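The following exercises are to be worked through with the sequence and the structure at hand. Each task is followed by a solution in steps.

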Amino acid sequence: MASPRWHGALAVLDEVRRTPGITRAALAQRLGLSSGTVTELTARLRGLSLLGETPAPAVGRGRPTTVLTPHPDGPAVLAVDLRHEDWRCAVAGLDGNPRMIAAARHADRSPDRVRDEIGQAVRRTAGGLGDRLRAVAVSVAGTVRGGHVVQASTLGWGPVDLSPLGPPGLPMLVENDARLAGVAEARGGAAAGSSTALHVTVEVGLGGCLTVDGRPVRGATGAGGEFGHLPFGDRALRCPCGAAGCWDLMVDGRALARHLGEPAPADPRTYAAAVLARPDPAAGAAVAAAATALGTGVAGLVNALDPGVVTLGGLAAPLRAAAATAFTTAFTGGLMSFRRPDPPPVRDAVLGDDGALHGAAALALDAVLTGEMLDAWARRTGG
Ligand SMILES: [Zn+2]
């Protein structure tokens, strides 16, 4: 619960996060507050280095107003993106816009080595930001339950504790990358404006997230959203997750290689991108089979979850584009008939490779923008 002291301030900061550059007049209207109240609130937030305020360009003969932005010396969060081949580190202010500050390919993927390398970058950044740094969020290409990596098969990891990466005393979040990308698409991407949104992404296997009002649905233990392990596949195929018949195995580079009678690729993502670019009929048939599996499964999720919008990330978007008829036939055919006249739009994700970083910054900022955290920030600035 926000302490009453910060109630109005948090509402203002939420609106500025949603619409950086919003005018003070528009803010007052959106919050249903008098211009006097908004003037008081913004002055207080400016004094606390939370908001910046500049005169808006004059429009017509209306009363002059100002534009509100995150303060350049305001709180910052650190977002880390730990992927199959590399890691990246970015800093974001209250606008949630990640600014890349460090990146490297994995020299080797042992958890100790990866933790060491990222840990050094985090400590360097924390040192530079000082007490402006208020939270850290790590995106992982793996299954995360309750803030712990339980399995990351593309990294060759079992359970790995990433909590030592966070500077002591700061909120530290660890989340699945597809889930974070879904959060980012729901808040400021292709699903913005839809209260219930489904994100589906294909990299190595398939992941995704259902978001409600921009928040991920995590399940009872936090490991929800493992859509790739729905049994939409061939029961004769055993998935590295331990289950049989996973959808994961039907939509990615491993599926394409099987259809083409080629050996299982060491790097299924690069392999899939190469097959998508091939002009030969055999490649086209393999792509159509994978697009059919994708469309069928997305229809099943739409039947089950009833999203207002579906977004496709990673290779899912080019896979659909390369075999649009196969995808659409499978998607429409898989929908319950009452849904067919008005199915949810299936859109390509717009944040691309940076979706998980945007989502990590967003959830880290959620943790920062609470009454308790603002109390601590105000004590820091003597407010
Ligand atoms: Zn599986």
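**Exercise 1. The zinc site**

The 4 donor atoms around the zinc ion subtend angles of 104 to 114°, which makes the arrangement tetrahedral. The model is a predicted one.

Task: Determine which residues coordinate the zinc ion, and how the donors are spaced along the chain.

Solution.
1. The donor atoms are ND1 of His-229 and the SG atoms of Cys-239, Cys-241 and Cys-246, at 1.9 to 2.3 Å from the zinc ion.
2. Along the chain, these donors of the zinc ion follow the spacing H-x9-C-x1-C-x4-C.
3. For four donors to count as tetrahedral, all angles must lie between 85 and 135 degrees; the range of 104 to 114° around the zinc ion therefore meets the criterion.
4. Accessibility can be added for two of the ligands. Cys-239 has 4% relative accessibility and so counts as buried, whereas Cys-241, with a relative accessible area of 28%, is partly exposed.

**Exercise 2. Aromatic rings and charges**

Task: State how many aromatic pairs the structure holds, and classify the pair formed by Phe-327 and Phe-331 as stacked or edge-to-face.

Solution.
1. There are 2 aromatic pairs in the structure.
2. In the pair of Phe-327 and Phe-331, the ring centres are 6.0 Å apart and the planes are at 15°.
3. Planes under 30 degrees apart count as stacked, so the pair of Phe-327 and Phe-331 is stacked.
4. Both residues belong to helix H11 (residues 324-334); because they are 4 residues apart there, about one helical turn separates Phe-327 from Phe-331.
5. Phe-327 and Phe-331 are both buried.

Task: Identify which charged end sits over the ring of Phe-327, and which over the ring of Trp-6.

Solution.
1. Over the ring of Phe-327 sits the charged end of Arg-320, 5.6 Å from the ring centre.
2. Over the ring of Trp-6 sits the charged end of Arg-44, at 4.7 Å from the centre of that ring.

**Exercise 3. Domains**

Task: Give the domain bounds of the protein chain, and describe how domain 2 and domain 3 are placed.

Solution.
1. The chain is divided into domain 1 (4-70), domain 2 (76-181 + 356-380) and domain 3 (190-350).
2. The C-alpha centres of domain 2 and domain 3 are separated by 27 Å.
3. To the contact between them, domain 2 gives 15 residues and domain 3 gives 17 residues.

**Exercise 4. Three residues in their surroundings**

Task: For Val-38, Asp-86 and Gly-130, decide whether each is buried or partly exposed.

Solution.
1. Val-38 is placed in helix H3 (residues 35-47). With a relative accessible area of 0%, Val-38 is buried. Residues up to four places away in sequence aside, Val-38 touches Arg-24, Leu-27, Ala-28 and Leu-33. Gly-222, 184 residues away in sequence, is 38 Å from Val-38, C-alpha to C-alpha.
2. Asp-86 is part of strand S5 (residues 86-92). Its relative accessible area of 17% is under the 20% limit, so Asp-86 is buried. Beyond its neighbours within four places in sequence, Asp-86 is in contact with Asp-81, Ala-104, Arg-105 and His-106.
3. Gly-130 is located in the loop between helix H4 (111-129) and strand S7 (133-140). A relative accessible area of 37% makes Gly-130 partly exposed. The C-alpha atoms of Gly-130 and Val-275 are 47 Å apart, and the two residues are 145 residues apart along the chain.

Methods
Residues numbered from 1 in each chain as written. Predicted model: local features only at pLDDT ≥ 70, side-chain atom pairs only at ≥ 80, totals over all residues. Heavy atoms only, no water. Phe/Tyr/Trp six-rings, centres within 6.5 Å; stacked < 30°, edge-to-face > 60°. Helix = DSSP H or I, 4+ residues; strand = E, 2+ residues; numbered from the N terminus. Buried < 20%, exposed > 50% of the residue type's maximum accessible area, 1.4 Å probe, protein only. Lys NZ or Arg CZ within 6 Å of the ring centre and 35° of its normal. Donors = N, O, S within 2.8 Å, 3.2 Å for Na, K, Ca; no water. Tetrahedral: all angles 85-135°; square planar, octahedral: opposite > 155°, others 65-115°. Domains from an automatic or database assignment. Contact = heavy atoms within 4.5 Å.
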